[in-house]
Amino acid sequence: MLPLQQLSEKEVLNTVRELIYEVVGEDYAIDLEVEMETSFQDDLELESIEFVTLAERLMDTFGESVDFTSWIANMEVEEIIAMTVGQLVEYISKSLE
Amino acid sequence: MARFLFVVPPLVGHINPTIGVGEELIERGHVVAWYGYKPILENLLDRDLEIVTTESEIPETLIKQVEAQSKGLRGAHALKFFWEDFLSPLAHAMVPGVRSAVEKFKPDVIVADQQCVAGAHVALENGITWATSATTSAELVNPFKLFPKLKSWADDCLMSFQISHGVKKEDANADLLRESPHLVIAYTTLNLVGNEREFDEHFAFVGPSIGRRKPRDSESNEIVFSNNGKKILISLGTVNGEVGERFYKVALDAMETIDAEALLVAPPDLIGNVPRNVIVKRFVSQLDILKHVDAVVTHGGHNTVVESLYYGLPLVVAPIRDDQPVVSDQVVAAKVGVRVKFSRVQPKELKLAIESILHESIYRENAQRIRESFLKAGGKVEAANRLEKLV
């Protein structure tokens with residue numbers, strides 16, 4: 001694997017996709033499309049425990065600078081509803097710079 | 001002798017626990033009445049229990065609108081809906097009625113449901129002592145852990161309600177509406193809630209309030225199981241029937257190969273053919289059924305969870321929304337059950353979860369321990385004791 005700083009957005013997305021598949025479970029992931037515009041609420045219907053697990057996996061994979069929990073902690077209710085995979089990918093890329 | 005007024009929301013699960021407490025107070029010679037949405041109250045309360053009628057009733061349109069719009073909402077959508085489209089409009093709509101119920105009934109003590117904040121507001125307005133009836137423990141711990149900003153957003157909802165009903169901006173206090181400083185009755189125990197927060201003396205953890213319940217016209221109480229093997233109840237509560245279609249299918253698939261009988265509470269028109277070991281009923285008298293089963297599969301509604309544990313039954317929880325994820329976390333932490341994902345669980349996984357709680361004795365033993373804590377806590381009797389002390 002490339003040094004984390006050199007990952008392209010596409011590579012980050014691929015990694016995030018794999019992590020989301022892990023979190024929701026393989027059986028279910030088969031039918032799940034994860035693209036930049038995919039929303040966590042409406043498309044993925046991510047449950048609270050899945051947010052927690054995803055936060056752990058993201059930190060394990062990308063290091064301490066990717067603190068998903070703190071990132072979502074600042075969100076207002078509208079932002080939580082609108083949150084997309086793309087926003088997470090951008091956040092990760094920025095955190096790794 | 002004192003006068004107690006229960007102020008309740010149009011939610012079955014929030015009214016039921018107050019019935020036992022109210023009846024206990026009546027037996028001790030107190031005068032008790034309820035104020036809330038009349039059609040639901042009339043359906044749940046025995047005729048000899050008093051419902052205060054006022055000239056300002058909760059509009060049926062509001063109830064119907066909430067019922068229609070809340071269907072299928074989950075996660076943050078459900079949360080936003082709950083505060084902005086249910087709790088707040090309900091609070092506004094109930095203020096005139098609660099005021100006039102107070103004028104008519106002249107209560108010494110108001111028992112206000114935690115999610116029906118018009119009760120606490122009018123109590124404060126009139127200088128009447130009030131108790132909070134917390135029918136779910138989720139609001140007593142921090143339900144906004146994952147999204148802490150939502151706490152201040154919910155506070156804003158409550159404070160703007162107060163301000164629009166005459167409270168000065170500097171006096172608005174959301175926490176006061178949530179938790180009475182006099183008494184907070186919680187129908188659970190710390191054995192289940194856990195110890196993530198310290199509670200003062202004015203929190204009364206009384207365990208479930210099991211009252212005499214009026215059977216609904218459409219429900220049948222006959223016990224339907226046919227043999228002596230293991231039996232389970234599968235229910236998603238009173239409001240989630242339609243959203244459960246996928247889950248019901250998974251549960252029926254799982255039951256095909258489980259050596260047990262199941263009573264599935266669901267709208268029969270949503271269910272096709274069922275395996276031989278499954279019976280489908282639209283309504284049941286849950287407390288009666290719980291006496292006859294070995295385990296429960298539920299959405300993790302607070303009442304269903306505590307009532308199941310009251311009978312020492314282990315659980316599979318599949319939380320859908322609202323307080324259910326928090327309650328489900330409590331079930332897992334107390335090791336009285338197994339959590340599955342409502343929208344993702346597959347038959348194989350659900351079967352394993354059900355078989356675990358049926359056959360691994362640890363879940364039943366822990367459930368038994370919670371049951372003992374409930375019995376010791378005193379239920380409606382202790383709730384009435386604590387309420388009497390407020391007079």
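**Exercise 1. In this predicted model, what percentage of the 97 residues of chain A count as buried?**

Step 1. Start with the secondary structure: chain A has 6 helices and 0 strands. Along the sequence, that reads as the pattern α-α-α-α-α-α.

Step 2. Now the burial count. A residue is buried if 20 or more other C-beta atoms lie within 10 Å of its own. By that rule, 25% of the 97 residues of chain A are buried.

Step 3. Next, check the overall dimensions. The C-alpha trace of chain A spans about 30 × 30 × 20 Å along its principal axes. A compact globule with 97 residues would have a radius of gyration near 13 Å, and the 13 Å of chain A agrees with this.

Step 4. Finally, turn to the contacts in chain A with a separation of 6 or more: 75% of them come from residues 24 or more positions apart.

**Exercise 2. How many residues does each chain bring to the contact between chain A and chain B, and which helix of chain B gives the most?**

Step 1. Count both sides: 17 residues come from chain B and 17 residues from chain A.

Step 2. Look for the elements on the side of chain B. Helices α4 and α6 (149-164) of chain B each supply at least two residues there. The most come from α4(B), with 5 residues.

Step 3. Sort this side of chain B by class, and you get 8 nonpolar, 4 polar and 5 charged residues.

**Exercise 3. At what angle do helix α3 and helix α4 of chain B pack, and which residues make the contact?**

Step 1. Take the geometry of the pair. Helix α3 of chain B covers residues 60-70 and helix α4 of chain B residues 75-105; they pack at an angle of about 175 degrees, with their axes 11 Å apart.

Step 2. Classify the angle. Angles over 145 degrees count as roughly antiparallel, and α3(B) is therefore roughly antiparallel to α4(B).

Step 3. List the residues. From α3(B) come L62(B), V66(B), Q69(B) and S70(B), and from α4(B) come F81(B), D85(B), F86(B), P89(B) and A93(B). By class, this contact has 6 nonpolar, 2 polar and 1 charged residues.

**Exercise 4. Is strand β1 of chain B largely enclosed or open, and what stands opposite L5(B)?**

Step 1. Strand β1 of chain B runs over residues 3-7, and 4 of its 5 residues are buried, so the rest of the structure largely encloses this strand.

Step 2. Find the partner strand. β1(B) pairs with strand β2 (residues 31-35) of chain B in the parallel sense, over 5 bridges. Within β2(B), A33(B) stands opposite L5(B).

**Exercise 5. What is the strand order in the open sheet of 6 strands in chain B, and which helices pack on the sheet?**

Step 1. Trace the order across the sheet: β10-β9-β8-β11-β12-β13 of chain B, with parallel pairing. At the edges lie β10 (278-281) and β13 of chain B, each pairing on one side only. On average, neighbouring strands are turned by 15 degrees against each other, direction ignored.

Step 2. Zoom in on one pair. Strand β11 (residues 295-298) of chain B is joined to β12(B) by 3 bridges, and the two run parallel. One such pairing matches V297(B) with V316(B) in β12(B).

Step 3. Add the helices. Helix α9 (residues 245-256) of chain B packs on the sheet and touches β8 (231-235), β9 (261-265), β10 and β11 of chain B, with its direction at about 170 degrees to that of β9(B). α11(B) also packs on the sheet, touching β8, β11 and β12 of chain B; its direction makes about 175 degrees with that of β11(B).

**Exercise 6. Is helix α12 of chain B mostly covered or exposed, and what does P325(B) touch?**

Step 1. Helix α12 of chain B spans residues 324-333, and 8 of its 10 residues are buried, leaving this helix mostly covered. Among the buried residues are V326(B), V327(B) and V331(B).

Step 2. Ask what covers them. The buried residues of α12(B) pack against α3 (48-62) of chain A, together with α8 (190-193), α11 (302-310), β12 (315-317) and β13 (337-339) of chain B.

Step 3. Focus on P325(B), which lies in helix α12 of chain B. P325(B) counts as buried because it has 22 C-beta neighbours inside 10 Å. Leaving aside residues up to four places away in sequence, P325(B) touches E47(A), S48(A) and P319(B).

Step 4. Close with the end of the helix: just after α12(B), K335(B) takes a positive phi of about 50 degrees.

Methods:
Residues numbered from 1 in each chain as written. Chains lettered and ligands numbered in written order. Predicted model: local features only at pLDDT ≥ 70, side-chain atom pairs only at ≥ 80, totals over all residues. Buried ≥ 20, exposed ≤ 12 C-beta atoms within 10 Å, placed from the backbone. Helix = DSSP H or I, 4+ residues; strand = E, 2+ residues; numbered from the N terminus. Contact = placed C-beta atoms within 7 Å. Pairing = 2+ DSSP bridges. Axes fitted to C-alpha atoms, helices over the stretch in contact; angles between N-to-C directions. Parallel < 35°, antiparallel > 145°, perpendicular 65-115°, else oblique. Nonpolar A, V, L, I, M, F, W, Y, C, P; charged D, E, K, R; others polar. Rg over C-alpha atoms; globule rule 2.2 N^0.38 Å.
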